[in-house]
Amino acid sequence: MEDFEKKVSIKDSMEIEQENSNCSKSNEILNLLRKFLEIQQRRAQAYSKLKTGFSEYMKSGGELAYHQLCSEITVEFNDCSKQVLEMESLFLNPDYCRVDLAELLRAIQTQEKQKLHLTATIQVLKKAGRPSERLVNHENCSFKKPMEHECVHLQEITEAAGTEEAEANAEYDNALKEAIRGVQDAVTAINEHLEEVRYEIAALETE
């Protein structure tokens, strides 16, 4: 009878230890997911700064300030990505064994990469402007008199030239619309995945 009681006692002790271990792991996962949402907030703030900086650049043409901002934003995004990759590795670790969460974070990372690439594409296109509205550079023109020059950009207005310009404008418009649509799709996908993260957090909080 005494041996049986000892065995029961040992078993109860092991179960308590297991429960404590599971509780500890749940809290660690919970903290990691909360930290991930904080990283996503940092990304959102970085995009806001980039958008504001680009608008100011388009108005004032402050090339140096814009390039400095782009460098700062790049460092911020790289740091965010590095931290998320570390979280992915932890979730794949046998101690956590949460492949589902690792895959969820990887899916968000993929969409974030696409969003950043397309955001850069949009800014490059807007900087260049529509082909028909771009400023002409007269560096290659010849100057015969101080106030007169033979402009190499002058050409006879023909139907073919007009069609070529219209096609260039249409190609530009399509590229811009496609990039904007791509960003919107990426944002939608990211938000859907973030909802999954929040559901997981809510489930862990109720355990």
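This tour moves from the whole chain to one helix and then to a single loop residue.

**The whole chain.** Begin with the entire model, which is predicted. Colour the chain by secondary structure: 4 helices and 2 strands should appear. Followed from the N terminus, these elements are arranged α-α-α-β-β-α. Next, show the molecular surface. The chain exposes about 14,700 Å², and carbon and sulfur atoms supply 53% of that area. Of the 207 residues in the chain, 28% are buried. Contacts may also be displayed. Among those between residues at least 6 apart in sequence, 74% join residues at least 24 apart.

**Helix 2.** Select residues 63–92, which form helix 2. What span should its 30 residues have at 1.5 Å a residue? The expected value is 44 Å, and the end C-alpha atoms lie 43 Å apart, so the two values agree. Now show the side chains of this helix. Which residues of helix 2 are buried? They are Tyr66, Leu69, Ile73, Phe77, Cys80, Gln83, Val84, Met87, Glu88 and Phe91.

**Cys97.** Move along the chain to Cys97, in the loop between helix 2 and helix 3, the latter covering residues 99–128. Is Cys97 buried or exposed? Its relative accessibility is 54%; because exposed means over 50%, Cys97 counts as exposed. Finally, inspect the backbone here. Most residues other than glycine have a negative phi. Cys97, although not a glycine, has a positive phi of about 50°.

Notes: Residues are numbered from 1 along each chain as its sequence is written. This is a predicted model: local features need pLDDT of at least 70, side-chain atom pairs count only at pLDDT 80 or more; totals for chains, interfaces and linings use all residues. Side-chain values use heavy atoms; hydrogens and water are left out. The expected span of a helix is 1.5 Å times one less than its number of residues. Buried means under 20% relative accessible area, exposed over 50%, partly exposed in between (1.4 Å probe, protein chains only). Contact means heavy atoms within 4.5 Å. Accessible areas come from the Shrake-Rupley method with a 1.4 Å probe; for residues, only the protein chains shown count as cover.
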